[in-house]
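Here is a structure to look through. The questions below ask what lies behind each label.

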There are 2 protein chains.
Amino acid sequence: MTRSNLSSADQQRLDGLYARLLALRPRNVGYPTNQDFDFSELFRFLEFSINNVGDPFHSTNYRLNTMEFEREVLEDFARLTRAPEGEWWGYVTGGGTEGNMYGLYVARELFPEGICYFSEDTHYSVAKVLRLQHTRNIMIKSQADGQMDYDDLRETLRIHRDVPPILFANIGTTMKGAVDDLAKIRAILDDLAIANAHIHADAALSGMILPFVEEPQPWCFADGADSISISGHKMLGAPIPCGVVLARKTHVDRIARSIEYIGALDTTIAGSRSAFSPLMLWHRLRTLGEEGLRAMVRGCLERAEIAVRLLRACGIDAWRHENSVTVIFPRPPKPVMEKWIIAPRKDIGHLIVMPHVTMAMIEEFAADFAAAMQP
Amino acid sequence: MTRSNLSSADQQRLDGLYARLLALRPRNVGYPTNQDFDFSELFRFLEFSINNVGDPFHSTNYRLNTMEFEREVLEDFARLTRAPEGEWWGYVTGGGTEGNMYGLYVARELFPEGICYFSEDTHYSVAKVLRLQHTRNIMIKSQADGQMDYDDLRETLRIHRDVPPILFANIGTTMKGAVDDLAKIRAILDDLAIANAHIHADAALSGMILPFVEEPQPWCFADGADSISISGHKMLGAPIPCGVVLARKTHVDRIARSIEYIGALDTTIAGSRSAFSPLMLWHRLRTLGEEGLRAMVRGCLERAEIAVRLLRACGIDAWRHENSVTVIFPRPPKPVMEKWIIAPRKDIGHLIVMPHVTMAMIEEFAADFAAAMQP
């Protein structure tokens, strides 16, 4: 092994970065990235040049892999998303964009001339992916609360009944946490007698919330999704972006190609994939357990509700969707934006009550916000 | 912080994985993944939910990032690839496929109707990317040594002079380490009076070899490349796939889009990107230094040459390209394939003499190979 040999100036650079991150951490209340994790017992695996190249369900010649753990993680997610037993496939991705890219790729291979419909509240990366993949697409209006405007969707589909639709559903929009209702979307398709369609669910954040609430909105395979992308570094938490994508197996089989070089059917996008991310996801799922996850999500939803009330009590027009940890309010004044790490867009901002966002942080944020509103 | 709470059965699973990886490590001689690294002094950064979302050269609202280190890494790579000063852009990727996808995306945005030309020795992932991006493409014959057949390229370009070409050059093919000669490719383009072209260099492995040899083949920006992808987990070494993509700035500006949400121009493919990978690359570059890198590469090339001679002395028809650490030979018999981690393809196999592949490993491999050849 190579011994570390950084100059003292470079060591100081790293120390400075560490100090900066440590100071910023308690101010991170506006992004859906759970900071509450401890992967120290996995660090020893970073000694190896591990790589989960190719399909996790096939053997690979590159034996320094963690595919056995990856398959377990995928099975857990298949259960949580109510995937049809034995009829799904998936892999651990490098994050939400790759998962959405994969779902849209599968859809376009099914319907090469298909048109993708997505609401104007959809994350900007989706337009980027559609452009990259040369997929025809139409942006649908949003309702004020962030959900897709179902009337606009119906009208737009109605005048394009000759082209198979690819529905991109937000299971939790980035800014407002709104869930596009898969039951309503399916009903529109049925009503228009459109049999050929692919529904991709971008469940980056809410894909790890809705499995644990009493009355989830319709969002998963059982509700009609054909592919689902969920982030790992969001509700579960990880220091490196990662996620999971799942799709109905029949759809994936179309893009399978046998490649001897990696001794695997390469149905993934990335090829070389992190073998550490499956370990992190596995570690989170196993240490928390289903009851731990349920308690974690319940806590976030409870604190989100308290945050709404606290902000409203300060005269700030805060609100949130059912089953959402995203608390929306008017864009905060500059001093608040400078102290706290917030993701504003146009005239709104939001608090995202992740597991690491404590009541103390919420109270301090509300007090700062109220103070900055004083004339 | 959450305390670890794995069951003892799960702890044993991890111990089993660790033991398995430890046993496999000394047998990994057939893949271009350097195992010789030690990132333990960076592990403390895995406490944070860091993320380099968006363009590394713009500020982002997500302040828990390592973009300052990423920019330094990119500057080093720009120097090593002889990028035009002040006229390049790039980012740290999740690996070679993303880098190639980016280069081909930039090229297709420049020439939406362009045809991509790549040799039959090109890694299978490139055909996958071209299909994903709906880019017209033509596979060019290879020479026996793995280089592109320049006569076939010339003839094929000649009959498509009405369409801008996108040249995909292998700077080290996967199986044979062959370098497609950029000077020859440029000369063909000039000869055919083709002014509009984009050359992407897939320098996954050799992009960290050729900057350190006396007489490199023409491969970099100074030799006519318009975009270059280099892997980080290959010659430098990393436990998680990563890499760098660089492109001429004028080409990238076309796909820049201003996005307020991340407070950045999102010109990357991934969106959320690992903030840990730039630290690993930075750490390798700073601990080795340019002289250390040069010595590391020289050592690999010397051992590769000894491996060729040793195998030939055993009656095995081994050979390698100039400036290449890839030693090619007929596909080894089954017992050799079972003991060693080798990537065969059709009737050939190869040893890739990475920094961790010692003389002792080479000698043991050659002895096993010779023994298995006995009748």
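Q: What makes the sheet of 7 strands in chain B open or closed, and what is its order?
A: The model is predicted: local features need pLDDT of at least 70, side-chain atom pairs count only at pLDDT 80 or more, and totals for chains, interfaces and linings use all residues. Residues are numbered from 1 along each chain as written, chains are lettered from A and ligands numbered from 1 in the order written, and side-chain values use heavy atoms, without hydrogens or water. The sheet is open, with the order E1-E7-E6-E5-E4-E2-E3 and mixed pairing. Its edge strands are E1 (88-93) and E3 (136-140) of chain B, each pairing on one side only. From one strand to the next, the twist averages 15 degrees. Strands here are DSSP runs (E, at least two residues), as helices are (H or I, at least four), numbered from the N terminus.

Q: How do you know that E1(B) and strand E7 of chain B pair?
A: Two strands pair if DSSP finds at least two bridges between them. E1(B) and E7 (residues 243-248) of chain B have 6 bridges, in the antiparallel sense, so the definition is met. One bridge joins Gly90(B) to Leu246(B). Strands of a sheet pair through backbone hydrogen bonds, either parallel or antiparallel.

Q: Why is Thr122(A) called buried?
A: Buried means under 20% relative accessible area (exposed is over 50%, partly exposed in between; 1.4 Å probe, protein chains only). Thr122(A) has 5% relative accessibility, so it counts as buried. Thr122(A) sits in the loop between strand E2 (115-119) and helix H4 (124-132) of chain A.

Q: Which residues does Thr122(A) touch, not counting those up to four places away in sequence?
A: They are Phe168(A), Asn170(A) and Arg345(A). Contact means heavy atoms within 4.5 Å.

Q: What makes strand E1 of chain A mostly covered?
A: Of its 6 residues, 6 are buried. E1(A) also pairs with strand E7 (residues 243-248) of chain A, antiparallel, over 6 bridges. There, Gly90(A) stands opposite Leu246(A).

Q: Why is the relation of chain A to chain B that of a two-fold axis?
A: Copies are superposed by least squares on the C-alpha atoms of residues with pLDDT of at least 70 in both. A turn of 180 degrees and a shift of 0.0 Å along the axis lay chain A on chain B with an RMSD of 0.0 Å. Therefore the relation is that of a two-fold axis. The C-alpha of Gln133(A) is the nearest to the axis in chain A, at 2.2 Å.

Definitions and conventions: Axes fitted to C-alpha atoms, helices over the stretch in contact; angles between N-to-C directions.
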